[in-house]
Amino acid sequence: MFAMTALTHTTKPEFYAELCRQLNALLSHETDPIANAANMSALLFHAMPDVNWAGFYFLQTETELVLGPFQGKPACVRIAIGRGVCGTAAERGASVLVDDVQAFSDHIACDADSRSELVVPLIRAGGVFGVLDIDSPVAGRFDADDQAGVEALAAIYIAGSDWSE
Ligand code: SME
């Protein structure tokens, strides 16, 4: 059994350094991408304060993301590339940090409680193959430290999973 340990950080970089260590431990004995995405969603959802949704969308065609493993309320299943915060991050191949989702004109509301959002693209061999999406009920919840931290977590997920099939 994997036991989440209490995070004793004092700064966000320390928090993410600890979370990265826990994620490495959690994924160390498994390479299945879906199993790892499911466990990673659970870890982030429970470890990150003020988060109401944490999960994955994967590119199923060149034009569409489809919902993957997540924690939180049921979510919209299909997002076109270029649409919403997720589709925008996938199109740009770059993280998108939204302080106030109500001010992001193309935001796709899945949980009415969400106020801010951070979406990190998943990139392998130079191509985007999905996104990692974190939502918060608190406006302005995410900053550059969160972006750097979640990008580091995403890199651990990508490196720790077997993409050969
Ligand atoms: N808000 C996202 C949709 C996914 S949910 O937040 C889980 C978007 O605008 O792409």
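Student: Where does glutamate 30 lie?
Tutor: In this predicted model, glutamate 30 sits in the loop between α1 (12-27) and α2 (33-47).

Student: Why is glutamate 30 called partly exposed?
Tutor: Its relative accessible area is 36%. Buried means under 20% and exposed means over 50%. Glutamate 30, at 36%, falls in between, so it is partly exposed.

Student: Which residues gather with Glu30 in a patch of negative charge?
Tutor: Asp32, Asp162 and Glu165 join Glu30 there, on the surface. A patch residue needs over 30% relative accessible area and no salt bridge. Glu30, at 36%, passes the area cut-off. Asp and Glu count as negative, which is why the patch has that sign.

Student: What makes asparagine 36 buried?
Tutor: Its relative accessible area is 2%. The limit for buried is under 20%, so asparagine 36 qualifies. The residue belongs to helix α2.

Student: Which residues does asparagine 36 touch, not counting residues up to four places away in sequence?
Tutor: Leu27, Glu30, Thr31, Tyr157, Gly160 and Ser161. A contact here means heavy atoms within 4.5 Å. Glu30, one of the patch members, is among these contacts.

Student: Why does arginine 78 count as exposed?
Tutor: Arginine 78 has 54% relative accessibility. Exposed means over 50%, so arginine 78 earns the label. Its place is strand β3 (residues 78-80).

Student: How do you know that arginine 78 and glutamate 64 meet in a salt bridge?
Tutor: The N to O distance between their side chains is 2.9 Å. The rule asks for a side-chain nitrogen of Lys or Arg within 4 Å of a carboxyl oxygen of Asp or Glu. Therefore the pair counts as a salt bridge.

Student: What does the pair of arginine 78 and glutamate 64 tie together?
Tutor: Parts that are 14 residues apart in sequence, because arginine 78 lies in strand β3 and glutamate 64 in strand β2 (residues 64-72). Glutamate 64 is partly exposed at 23% relative accessibility. Beyond residues up to four places away in sequence, arginine 78 touches Glu64, Leu65 and Val66.

Student: What makes the contact between aspartate 111 and lysine 73 a salt bridge?
Tutor: The N to O distance is 3.8 Å. The cut-off is within 4 Å, so the pair passes.

Student: Where do aspartate 111 and lysine 73 lie?
Tutor: Aspartate 111 is in the loop between β4 (96-98) and β5 (116-124), and lysine 73 is in the loop between β2 and β3. The pair therefore ties together parts that are 38 residues apart in sequence.

Student: Is aspartate 111 buried or exposed?
Tutor: Aspartate 111 has 6% relative accessibility, so it counts as buried. Its partner lysine 73 is partly exposed, with 44%.

Student: How do you know that aspartate 106 forms a salt bridge with arginine 83?
Tutor: Their closest N and O atoms are 2.6 Å apart. That is within 4 Å, so the bridge counts. The pair links distant parts of the chain, 23 residues apart. Aspartate 106 sits in the loop between β4 and β5. Arginine 83 sits in the loop between β3 and α3 (84-92).

Student: Why are aspartate 106 and arginine 83 called partly exposed?
Tutor: Aspartate 106 has 21% and arginine 83 has 45%. Both values lie between the limits of 20% and 50%, so both residues are partly exposed.

Student: Which residues do salt bridges that share partners join into one network?
Tutor: Lys12, Arg141, Asp143 and Asp146.

Student: How many salt bridges does the count come to?
Tutor: Seven, by this rule.

How values were computed
Residues numbered from 1 in each chain as written. Predicted model: local features only at pLDDT ≥ 70, side-chain atom pairs only at ≥ 80, totals over all residues. Heavy atoms only, no water. Patch = residues over 30% accessible without salt bridge, like charges linked within 9 Å, V, L, I, M, F, W, Y side chains within 5 Å. Areas by Shrake-Rupley, 256 points an atom, 1.4 Å probe, with all protein chains shown as cover. Charge placed at Lys NZ, Arg CZ, Asp CG, Glu CD. Helix = DSSP H or I, 4+ residues; strand = E, 2+ residues; numbered from the N terminus. Buried < 20%, exposed > 50% of the residue type's maximum accessible area, 1.4 Å probe, protein only.
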